[in-house]
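Please open the model in your viewer and keep the selection tool at hand for a short walk through its interior.

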Amino acid sequence: MASATATYGQKESSDQNFDYMFKILIIGNSSVGKTSFLFRYADDSFTPAFVSTVGIDFKVKTIYRNDKRIKLQIWDTAGQERYRTITTAYYRGAMGFILMYDITNEDSFNAVQDWSTQIKTYSWDNAQVLLVGNKCDMEDERVVSSERGRQLSEHLGFEFFEASAKDNINVKQTFERLVDIICEKMSESLDAGDPAVTGAKQGPQLTEQPAPPHQDCAC
């Protein structure tokens, strides 16, 4: 597997095709739709019959934000308990997490707190997290209200989206918002000259953009 960039905002001198590489993990219980979410974003495709991810996999996508070419290395993790030791090993060096639950599955929502604790335990303090309630196209089967998701996200200090990989609702917006938050935090750290982030070396500045309004599912 390709090695991940472990340093916040590290510039890859050997590859001039991008300015930064961000490592992002999608985590959450099994069958909440993590793989479908990744494929919708990376390939703009949807397959309803994905087999549960074994261990961990990733896709690469390059985007432009704030006049910078940013290479995203997005890791799709297995949700089953038996793979937990494998997947948590990849938390280190991750700049962002998409913590996902299924709005039609109460257990996946109840597990969010535990996943949040794992992020705090295995990742570093500057990692940014978005909470995503997936499968909002299945409104008739909803058991977790949007308000409960929003309240939990506020309690945890995360921004919140409801999304649908199937109907392509808020998929791109989720990733782009996460990247923007990472860029904002990185810019703040560079401005402050934080040696833990910059290696005591001033890096290129990123222009901060105002946060877009929250987009809840319009299903």
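Contact here means heavy atoms within 4.5 Å. This is a predicted model, in which local features need pLDDT of at least 70, side-chain atom pairs count only at pLDDT 80 or more, and totals for chains, interfaces and linings use all residues. Residues are numbered from 1 along each chain as its sequence is written, and side-chain values use heavy atoms, with hydrogens and water left out.

Begin by selecting Phe 22, which, leaving aside neighbours within four places in sequence, is in contact with residues including Ile 70, Leu 72, Met 95, Val 179 and Met 186.

Next, widen the view to the largest nonpolar core, a set of buried Ala, Val, Leu, Ile, Met, Phe, Trp, Tyr and Cys residues joined through side-chain atoms within 4.5 Å, where buried means under 20% relative accessible area with a 1.4 Å probe and protein chains only. This core has 30 residues, and Phe 22, Phe 37 and Phe 175 are among those that touch the most other members. Its largest share, nine residues, comes from α6, a helix, by DSSP a run of H or I of at least four residues, numbered from the N terminus.

Now select Tyr 41 and Phe 175, whose ring centres are 4.0 Å apart with planes at 10°, so the pair is stacked; rings of Phe, Tyr and Trp (its six-membered ring) pair if their centres lie within 6.5 Å, and planes under 30 degrees apart count as stacked. Tyr 41 in helix α1 and Phe 175 in helix α6 are 134 residues apart. Tyr 41 is buried at 7% relative accessible area, as is Phe 175 at 0%.

Finally, add Phe 37, which ring pairs link with Tyr 41 and Phe 175 into a cluster.

Conventions:
Buried means under 20% relative accessible area, exposed over 50%, partly exposed in between (1.4 Å probe, protein chains only). Helices (H or I, at least four residues) and strands (E, at least two) are DSSP runs, numbered from the N terminus. Rings of Phe, Tyr and Trp (its six-membered ring) pair if their centres lie within 6.5 Å; planes under 30 degrees apart count as stacked, over 60 as edge-to-face and the rest as tilted.
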